[in-house]
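Colleague: Can you take me through this one? I have the sequence and the structure open.

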Amino acid sequence: MNKLDLAKWTQNFAKKQGANETSVVISNSRSIDVEFRDGNIDKLTEATENSLSIELYAGGKYSSHRTNDLRKPALQKFVNNALAMTKYLGEDPFQALPDPALYEGRPEMDLQLFDANYHQVETKERVANARQIFERIDGKDDRIVSVTSYFSDSHYENIHLKSNGFEGSYENSTFGAGAEVSLDDGSGKKPQSWRHYSTRHLKDLPDLNMIADEALKRTQDSVGQNKIESGSMSMILPNDQGRGLLGRMFGALNGGNLQQKNSYLDGKLNTKICSDLLTIVDDPTIIRGMGSRYYDGDGVAAKVMPVIDKGVLKNYYIDVYYGRKLEMTPTSGGTSNVTFAPGKRSGAEIEKDMDRAILVTGFIGGNANTTTGDFSLGVSGWLIENGVRTKPINEMNISGNYSDVLNQLVEVGNDPYQYSSWRTPTLVFDGIQFAGL
Amino acid sequence: MSDYSRRDFLKVTGSGLALASLSGVLPGIMGCATTKEVQSALFTRFGIDTETIRKVLSEALVYGGDYADVFFENTISNSIRLEDRIVNSASTSVQLGVGIRVLKGDQTGYSFTEDLNLESMKKAARTAANIAQGSKTIPPQEFKPMNLPNYYPIGVSWESIGIDKRVDIVKSLDEEVFAEDSRVIKNYVGFNDSEKYILVANSEGLLSTDYQPMLRVIVYCTAEQDGERESNYFDYSMRDDISFLTPDRLARMPKEAVARTVKLFDAKSAPAGEFPVVLTPGSSGILLHEAIGHGMEADFNRIGTSIYSDKLNKKIAPEFVNIVDSGLNPSIRGSINVDDECYDSKETYLVENGILRTYLHDRISAKHYGVDPTGNGRRESFKHYVMPRMRNTYMLNGPHTFDEIISSVKYGILADQFTNGQVNIGPGDFTFYVKSGSLIEDGKITAPIKDVNIIGNGPDVLEKVSMVGNDFAMTEGGWTCGKNGQSVPVSHGLPSVLVSSITVGGKG
């Protein structure tokens, strides 16, 4: 039975057994990962997965369930048990399927989320790719302790059916390549770093030799890292690091956190929350974008949405359930591609122009409090003096409150990152509190 | 694979994630008195017998692997959540499948199937077999069941507990949170339980079974005072049944959650720079998980990438420091009766009287080093290969008292509640995030502080453990460790400890 027929069968069975409404997702995926270490295949993993998820709306009550046993007798038992469980819950007037009007207006273009050549990729090619990355690094530095390279790909398909008329399906592919390198610098420490890229289409991956070179360079750059004096300094965030700071702040834009009073941005819609250099648009329509989509988890048609316009908060991420609770129109339950209005200069140009700053090339640990906006995050990177990287640093920390720090943004680069759903450019902040010695 | 998935981190298990379930289709193991009865119940559960296992292993070894194992798993999880005074959603999840692993030297071939018929399993076995490229190895003719102690016996299965009982507990917790303090404006309660049935058999003829229950209950509240809002939580997680939730323990949850939240209204910003830090007993054990635990996992040491790779049998801490990783602690979240590759669970000394003693091994690394396995070979599920992983990691009591430790600090931080941590294995840098703590001034605990990350270097910090208290406690909360994209439940503990200097990432 194909996925659509099985979804319809499950939906009909659940309704016959007493569900008022249902939402059913059936998915299957296949992924293959090759890890190559020190001259040999270290791990070869092949995964094929199936899943059926069902949301039940019965008598004003709601529950959600997932199984990987898709045989009909097992599904019948599964649905019956799920419905029996639902009866014991409290009635929640806000739990219901979305208004079908929200399903209308999906992007009409082909987002090219699936690489038509996916099925032509053979395991010997995957191994050869991982080997190429390994061999490019191997022997390039006498201090190398270990090199692990990897190549992976996956194919995901699903069908989504809601009993009030929504029907959607999509498939996507993901290709990933990267390497981890460890060095022995004689100090007793084993500096390590890594580089990884993911794309929807195989041919969009960067040159494998470049990935290898970057992994090695990053590791070499981390030799001799140390902490420096605590103090207030400028901070440069390269384009692949922006999410490390801003990702947690986006939690405060989430409808659930707003409704539960866990957001420092509650009541701030259409007010200035950060520097007017910051303009952020959520764009699900980027061709081959890692976060591109036709509809979100509620089935709401994907739309381009301004989030911050010249420092003014324009939209929250509100899903259908919390939209009802907040009496607000749903936007979307989560981010698609987070895009930024570009500035004028590249990261390299900006760096050359800094008198004294810390270039953060990695975050480690830390957390943020969405209720208050406070954050505290571990960092490593470089001290920049007179435009030159003078000292590698680590074991340092940045702290602040997003309400203050986002107003200290002084420059936005013109170099959005292409290999993530977070397409951040280089960002520069003044007056960041660094803790070290 | 995300940019973050290849890092190692520890966090409090996310609340409200939709996982849970009811199966009712398959036989449980309650009432099975002997190993043989348990094995028989699991054979029925998975619809297999020893002949099926032998055939699958035979296929796995068709190209001459050195070793193969099959890992059958059925996990049933349930969760209910309360928000805005209503128990407004429930979730269930059923996972069933078998993972097949083939080793050739240090190399791993891995595949799995969710379809437990012989043909599907043989197909997956042949995929995994491809890691080797030689002629067939002969599988065992018989399997010897392992007789294992049970470190988490339970009286009643979660499957047999009605949802109504969980609903009553959740509602009562919610009522008490609001009764506790008029400043509370929002409250969330999550109740999660799961039961994991495992059967592992390998090409050496060993067969192990396990039943791993898990409970987690969390209360997360938000309070408002003079226009300011703060949130905090309290949670329990144990390998136990519903009898763990005694009236006393349940009464403690709302009180702790509210007290932790309203305390934050008085909190100041932490200082920035290097200071003495005192860790309170219990969840402060996160220090050990990050500062030494990951670095002692033998997969990193086997390839020479850990900062501890060259330090075995060397002094790395004062002699009153003893650090253990154990799977044997009764009903504790990270305990396991047997690891996921047929090695019995153990108590393993990482540091004994300040000397670094033993790495945490899985099968590959134990063979590599030619040492006895330590029972640390774990995996998230049948979809994942085995790696050396921590279980419950803790420091034993030392010679000092809490009061002696506090009074010795001129100016520093007392850290008592944590949410997450992370480590870079090679350089040894690690962090842990302090949700709540206090300043120590002139030997006395003074103003509360909040939301500050602490960052240090593993071996450096262990050298700076200058006092260890005699008041050991294990954390009560639900900690989940992430490594290379796999999550496993763990626990940790610590007596009061003074670290003489470490970087506190406050706002200054």
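**Chains A and B, then the domains of B**

Modeller: Sure, and bear in mind that this is a predicted model. Chain A puts 71 residues into the contact, and chain B puts in 76 residues.

Colleague: Which strand gives the largest share of the side of chain A that touches chain B?

Modeller: That is strand β2 of chain A, residues 40-58, with 10 residues.

Colleague: And how many residues of that side of chain A are nonpolar, polar and charged?

Modeller: The side of chain A that touches chain B has 38 polar residues, 18 nonpolar and 15 charged.

Colleague: Back to β2(A). Do it and β4(B) run parallel or antiparallel?

Modeller: β2(A) and β4(B) run parallel, joined by 4 bridges.

Colleague: What stands opposite Glu46(A)?

Modeller: Ser111(B), which is in β4(B).

Colleague: New topic. Where are the domains of chain B?

Modeller: The assignment gives domain 1 as 8-266 and domain 2 as 272-505. Their C-alpha centres are 24 Å apart.

Colleague: How many residues of each domain of chain B are in contact with the other?

Modeller: In chain B, 44 residues of domain 1 are in contact with 42 residues of domain 2.

Colleague: Which element supplies the largest share on the domain 1 side?

Modeller: β3(B), with 6 residues of the side of domain 1 that touches domain 2. Other elements of chain B that supply at least two residues there include β2 (67-83), β6 (184-202) and α5 (247-263).

Colleague: How does that side divide by class?

Modeller: On the side of domain 1 of chain B that touches domain 2, 19 residues are nonpolar, 14 charged and 11 polar.

Definitions and conventions:
Residues numbered from 1 in each chain as written. Chains lettered and ligands numbered in written order. Predicted model: local features only at pLDDT ≥ 70, side-chain atom pairs only at ≥ 80, totals over all residues. Domains from an automatic or database assignment. Contact = placed C-beta atoms within 7 Å. Nonpolar A, V, L, I, M, F, W, Y, C, P; charged D, E, K, R; others polar. Pairing = 2+ DSSP bridges.
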